[in-house]
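Reader: I have a chain to look at and some terms I don't trust yet. Can we test them one by one?

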Amino acid sequence: MIVGAGLAGLACARVLSAAGRKFTILEGSNAVGGRVRTDHVEGFLLDRGFQVFLPAYPEARRVLDYDGLDLRPIYRGADVFVKDRFHRMADPLAHPLTAMKNFRDEIVSLRDKWTTLLLRKEVFGLRQPPRDLGDMETEDYLRDFGFSETMIDRFFRPFFGGIFLEKDLRTSAAMLQFLFAMFDRGGSALPAHGMQAIPNQLAVALPPGSLRLNAPVSGVRAGEVTLDSGEVLHADHVIVAVSEETAHRLLPQSGMPAPLPSRSTTCLYFTTDELPPGDPIIHLDGDGRGPVNSVMVLSRISPHYAPPGRHLISASIIGSPSSTELEQVVRDQMRRWFGEHTVAKWRHLRTYQIRHAQPEGRQLKLGSGAFPAVIEPGLYRCGDWCEDVSINGALISGRKAGEAVMRALGEPIQD
Ligand SMILES: Cc1cc2nc3c(=O)[nH]c(=O)nc-3n(C[C@H](O)[C@H](O)[C@H](O)COP(=O)(O)OP(=O)(O)OC[C@H]3O[C@@H](n4cnc5c(N)ncnc54)[C@H](O)[C@@H]3O)c2cc1C
């Protein structure tokens, strides 16, 4: 019995399914995907919070069919807003001509460009977050590595801050190295039909009848699961594949410490019929004036994100500000970035505030070892908070829980 049909739960189910084991997944919501969900609104595809997929993720390569996802690449680089205009920071290997043209752009020093190449060399070949950096934080690491404060503030803070969902760059340097290596090797992309295509692909391979949606679980112990409805189900092996907060509530017997408050994010979606000029590239707040950290024209990456003749723009904020004037404040910033005339045509579609977007603790202490999958005989856990906080980490942790069940059954692990 698996509780939760996020990526970790689905990856666990994949292992059991490959071995021909019978199981049920109990999912509390109305669909699979967990934090990787996409809503269909007025013909637009709205991912629940701005997110991207890194095709180089090793575990994702193992378990996903990339052709089926129809991945649409995002430009390798960023348009960074500094001193009242955008500056293109292009990956010199992917876009050598643009990089050459901008070689003397004053916002990044030649020394920082050189140090970036050294970091690429440093992380070359990395396939998982290295464990030898201890609990070193990203900001300290970048400084020690030789980057200037200007480069950290203008590029690393908005780019990796937007991924870590914190701009102090307190997150483990091991995670920075790993993600830098993933971007370097494979860039980033979106599935043509929205991020939820990723969990959906894993879900269609489930044995018929193995998934129960709208089945929230209120209690778990070895051999037994209680649903909110009061129904009690029995199974020899119970795998809890929920977020850290929920796991803490469902598994008091595991002795796991109370989680630190989660990292949150806010995403405002706008639509327009006039395509803003440019490439399928991320726009970053290099001045740090905010509140918007990044902007992406999603329909430029994949036209399926918007109905014909329309365009979809996401504006992402780190944290979840409670201002009633948020849309107005965002529009003010967008006018500075894209001009009065352009932004006047943007219509607000929807705002997502994701309060529990990423667990905090696991981001800080990657060096200190993951939560093991086995809690006690017959009771297991998985989720990004057990491994590392990413699509890749969630998939790995789900696989490890599935493999732990197979070991307990004394059966070989199929793949
Ligand atoms: C806005 C945002 C942006 C992100 N951006 C990126 C990115 O760009 N790249 C990247 O690699 N990662 C990104 N991540 C992180 C990544 O999405 C997560 O690490 C990963 O999806 C976690 O998967 P999971 O299966 O561990 O947990 P979850 O996705 O949280 O799945 C848990 C599942 O359990 C279910 N559940 C919870 N409680 C119960 C209950 N009581 N009973 C039954 N079911 C229950 C939930 O409904 C859910 O389906 C982002 C996350 C967010 C939110």
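Reader: How many residue pairs are in polar contact between domain 1 and domain 3?

Author: Zero, counting pairs with both residues at pLDDT 80 or more. This is a predicted model. A polar contact needs N or O atoms within 3.5 Å. No residue pair between domain 1 and domain 3 is counted.

Reader: What makes up the side of domain 1 that touches domain 3?

Author: One nonpolar residue, four polar and two charged.

Reader: How many salt bridges cross the interface of domain 1 and domain 3?

Author: Zero. The rule asks for a Lys or Arg side-chain nitrogen within 4 Å of an Asp or Glu carboxyl oxygen. Across this interface the rule finds none.

Reader: What is the area buried between domain 1 and domain 3?

Author: About 490 Å². Carbon and sulfur atoms give 48% of that area.

Reader: How far apart are the C-alpha centres of domain 1 and domain 3?

Author: They lie 31 Å apart. Still, seven residues from domain 1 and six from domain 3 take part in the contact. Contact is judged on heavy atoms within 4.5 Å, so centres do not decide it.

Reader: Which residues line the largest cavity?

Author: Among them are Arg35, Ser243, Glu244, His356 and Asp384. Its volume is about 40 Å³. The whole structure has two cavities of 30 Å³ or more.

Terms used
Residues are numbered from 1 along each chain as its sequence is written. This is a predicted model: local features need pLDDT of at least 70, side-chain atom pairs count only at pLDDT 80 or more; totals for chains, interfaces and linings use all residues. Side-chain values use heavy atoms; hydrogens and water are left out. Domain bounds come from an automatic or database domain assignment. Buried area is the accessible area (1.4 Å probe) that two parts lose on being put together, summed over both. A polar contact is a pair of N or O atoms within 3.5 Å; within protein, one must be able to donate a hydrogen and the other to accept it, and residues adjacent in sequence count only if both atoms are side-chain atoms. Ala, Val, Leu, Ile, Met, Phe, Trp, Tyr, Cys and Pro count as nonpolar, Asp, Glu, Lys and Arg as charged, and the others, Gly among them, as polar. On a 1 Å grid over the protein atoms alone, a cavity is a set of points where a 1.4 Å probe fits but cannot get out, and a pocket is an open set with protein on both sides within 12 Å along at least five of seven lines; lining residues have an atom within 4 Å of a point. Grid points are joined across faces, edges and corners, and a volume is the space filled by probe spheres set on the points.
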